[in-house]
Every structure is written in structure tokens, then in C-alpha cells.
Amino acid sequence: QVQLVESGGGLVQVGGSLRLSCAASGRTFSSYHMGWFRQAPGKERKFALGISRSGGGTYYPDSVKGRFTISRDNAANTVYLQMNSLKPEDTAVYYCAADRSVVPTTDPSRYDYWGQGTQVTVSS
């Protein structure tokens, strides 16, 4: 069992930045692929960024490329999401998730553990 707690969300202006954190407890953090997902109002939850167990590999769609950066500190059992150049369409609840499978996935239904989410609102 892994427990995940996100923090760092809030209200930010267009073009601004936020840094989200996800603190993990329970099983060994470094044994999990980690992902950030987001769910906008009235829409399905979708993949934002992912990172491999060691942090050596990152995965992201074009929607966040060049603006968002994922990183992890395994010693601190924490994964981070640095968001820059924020746009109104980035407004969503952001979720941290852990995947214990050998091969990582972008499908939210395949992730094993989830945090409670943190709201990010980008105002225009």
C-alpha cells in the first residue's frame, strides 16, 4: 500500500508558475513509476507527465512539453511537478499516481495508487 499526498496547488495568473509536490509513504517509493494526471471540469482524467523509477526517463504529451517538468527525489519519497507558462486550459485538479508494473503506462486505469488531488486554477 502506498499513500500519496499532493500539495502546492492554487490560483495563478496566465504565464505564471506553480510547483506541485507529491509525498509518498508506505511501500518503497523507488519501486514505482510515478505519474501526474489532471482532470479539468467536466472532462476525463488524463495523463500529464510520467517519470521512471530511477528518474532517468520522463514522458509527456505535447500539451505540456517545454512548460512542465517532472522530477523525483527518492530519498525524500517525493515527486515534483514544476509548471511554467501556465495557460487557462491547464486549470484542473492535479493528481499524483503510482504504478507498480514493470512497464509504465499513461492509462489512469492502470495506476495502482492515487493522491487526493490538488486544484490548479489559471486565471486570464
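Strand β1 (residues 2-7) and strand β3 (residues 18-26) pair in the antiparallel sense over six bridges, where two strands count as paired if DSSP finds at least two bridges between them, and within this pairing E6 stands opposite C22 in β3. β1 has a covered face made of V2, L4 and E6, and an uncovered one made of Q3, V5 and S7.

This is a predicted model, in which local features need pLDDT of at least 70 and side-chain atom pairs count only at pLDDT 80 or more, while totals for chains, interfaces and linings use all residues. Residues are numbered from 1 along each chain as its sequence is written, and side-chain values use heavy atoms, with hydrogens and water left out.

The protein holds zero helices and eleven strands, helices (H or I, at least four residues) and strands (E, at least two) being DSSP runs numbered from the N terminus. The radius of gyration is 13 Å, close to the 14 Å that the globule rule gives for 124 residues, so the protein is as compact as a globular protein of that length; the radius is taken over C-alpha atoms, and the rule is 2.2 Å times the number of residues to the power 0.38. Along its principal axes the C-alpha trace spans about 40 × 25 × 25 Å.

Buried residues make up 42% of the 124 residues, with buried meaning under 20% relative accessible area, exposed over 50%, and partly exposed in between (1.4 Å probe, protein chains only). Among contacts between residues at least 6 apart in sequence, 58% join residues at least 24 apart, a contact meaning heavy atoms within 4.5 Å. The protein exposes about 6200 Å², of which carbon and sulfur atoms supply 47%, as given by the Shrake-Rupley method with a 1.4 Å probe.

Strand β4 (residues 33-39) is mostly covered, since six of its seven residues are buried. Seven bridges join β4 to β9 in an antiparallel arrangement, with V93 of β9 as the bridge partner of Q39. β4 is also joined to strand β5 (residues 46-51), again antiparallel, by five bridges, and here R38 has K46 in β5 as its bridge partner. β4 and β5 form a hairpin with six residues between them, and G42 in the turn has a positive phi of about 75 degrees.

Two loop residues can be set side by side.

| Residue | Loop | Relative accessible area | C-alpha separation |
|---|---|---|---|
| E44 | between β4 and β5 | 64%, exposed | 15 Å to R110 |
| T106 | between β9 (92-99) and β10 (113-114) | 46%, partly exposed | 8.8 Å to Y59 |

Leaving aside residues up to four places away in sequence, E44 touches R38 and Q39, whose bridge partners are K46 in β5 for R38 and V93 in β9 for Q39. T106, with its neighbours within four places in sequence likewise left out, is in contact with F37 and F47. The residues paired by distance in the table are separated along the chain by 66 residues for E44 and R110 and by 47 residues for T106 and Y59.
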